[in-house]
Amino acid sequence: MKIEKEEPPIELNTKNVIYWSSHYKKLVFEEGDTAIGFKAKRFIENNCIEYIKDEYDTSKSCYICKPIKDYNKTTYKIFWDKEKKDFECNCQYHQTTKRTCSHILALYLQLKIWNYNKKIGKDINAEII
C-alpha cells in the first residue's frame with residue numbers, strides 16, 4: 001500500500017480553511033455544512049475580525065467582529081476567558097447556549113489564516129497575539 005503525502009496549500013484563505021465541527025464530529029470544508037460555518041466564513045470574507053485592546057483593561061486583548069453591511073448591525077466583542085481557557089463572545093447566542101457562535105468560529109478561522117500565512121511569509125495586515 002502506497003501512502004500519498006498531500007502538499008500544504010500555498011496560503012490559507014476563506015476557500016480552503018477548515019474547522020472541526022463539534023456538532024457533526026468531523027472536519028468541515030463546505031460553507032453549507034452548518035449555518036454557523038456559513039456565517040463565520042461571511043465574516044472573514046468581509047474582513048470583520050479585528051484585534052483591539054480592551055478599553056476597560058488594557059492588559060487584556062480582545063477581538064471584535066464587525067457587522068456585515070446589509071446583513072447585521074451589531075459589533076460583538078470576543079475575549080479570552082482565562083478560567084475556561086476558551087473564547088467568550090458577548091452575542092446572545094453564545095451567552096445563552098455557551099456554545100461556539102459564528103463570531104468565535106470566524107475568529108478561529110481568521111487566526112488560523114493569519115498564523116498560517118505569517119508562518120509561510122505571506123504579507124498580512126493583522127496583529128497576531
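Trainee: Which residues does S102 touch, not counting residues up to four places away in sequence?
Mentor: Keep in mind that we're looking at a predicted model. S102 lies in helix 3, and with a relative accessible area of 7% it is buried. Leaving aside residues up to four places away in sequence, its contacts are I36, K39, A40 and F43.

Trainee: Okay, and what about helix 1: which of its residues are buried?
Mentor: Helix 1 covers residues 35-45. Two of its buried residues, A40 and F43, are also touched by S102. The full buried set is G37, A40, K41, F43 and I44.

Trainee: Within what arc do those buried residues fall, seen down the axis of helix 1?
Mentor: Picture yourself looking along the helix axis. The buried residues line one face of helix 1, because they fall within an arc of 155 degrees.

Trainee: What phi does N47 take, just after helix 1?
Mentor: Step past the end of helix 1 and you come to N47. Its phi is positive, at about 50 degrees.

Trainee: Let me step back a bit. In what pattern do the helices and strands follow each other along the sequence?
Mentor: There are 3 helices and 6 strands to place. Reading along the sequence, you get β-β-α-β-β-β-β-α-α.

Trainee: Which element gives the most residues to the largest nonpolar core?
Mentor: That core has 28 residues. Helix 1, strand 3, strand 4, strand 5, strand 6 and helix 3 each give two or more residues to it. The top contributor, with 9 residues, is helix 3.

Trainee: And which members of that core touch the most other members?
Mentor: Take I49 as one of them. Not counting residues up to four places away in sequence, I49 touches I44, Y63, I64, C65, H103, A106, L107, Q110 and W114. The whole group that touches the most other members is I44, I49, Y63, I78, C89, L107 and L109.

Trainee: C89 is a cysteine, so how many disulfides does a search of the whole structure find?
Mentor: A disulfide needs two cysteine sulfur atoms within 2.5 Å. For C89, the nearest cysteine sulfur is that of C91, 3.7 Å away. C101 also has the sulfur of C91 as its nearest, at 3.7 Å. Across the whole structure, the number found is 0.

Trainee: Are C89 and C101 buried or exposed?
Mentor: The cut-off for buried is under 20% relative accessible area. C89 comes out at 0%, and C101 at 1%. That makes both C89 and C101 buried.

Trainee: Where is K85, which has a positive phi although it is not a glycine?
Mentor: The phi of K85 is about 55 degrees. K85 counts as exposed, at 63% relative accessibility. Its place is in the loop between strand 5 (76-81) and strand 6 (86-89).

Trainee: K98 has a positive phi too; what does K98 count as, in terms of accessibility?
Mentor: K98 has a phi of about 60 degrees and is not a glycine. You'll find K98 in the loop between helix 2 (92-97) and helix 3 (102-119). At 48% relative accessibility, K98 counts as partly exposed.

Trainee: Last one: how much of the exposed area do carbon and sulfur atoms supply?
Mentor: Of the 129 residues, 35% count as buried. In all, the protein exposes about 9200 Å². The share supplied by carbon and sulfur atoms is 51%.

Notes. Residues numbered from 1 in each chain as written. Predicted model: local features only at pLDDT ≥ 70, side-chain atom pairs only at ≥ 80, totals over all residues. Heavy atoms only, no water. Buried < 20%, exposed > 50% of the residue type's maximum accessible area, 1.4 Å probe, protein only. Helix = DSSP H or I, 4+ residues; strand = E, 2+ residues; numbered from the N terminus. Arc of directions from axis to C-beta. Contact = heavy atoms within 4.5 Å. Core = buried A, V, L, I, M, F, W, Y, C linked by side-chain atoms within 4.5 Å. Areas by Shrake-Rupley, 256 points an atom, 1.4 Å probe, with all protein chains shown as cover.
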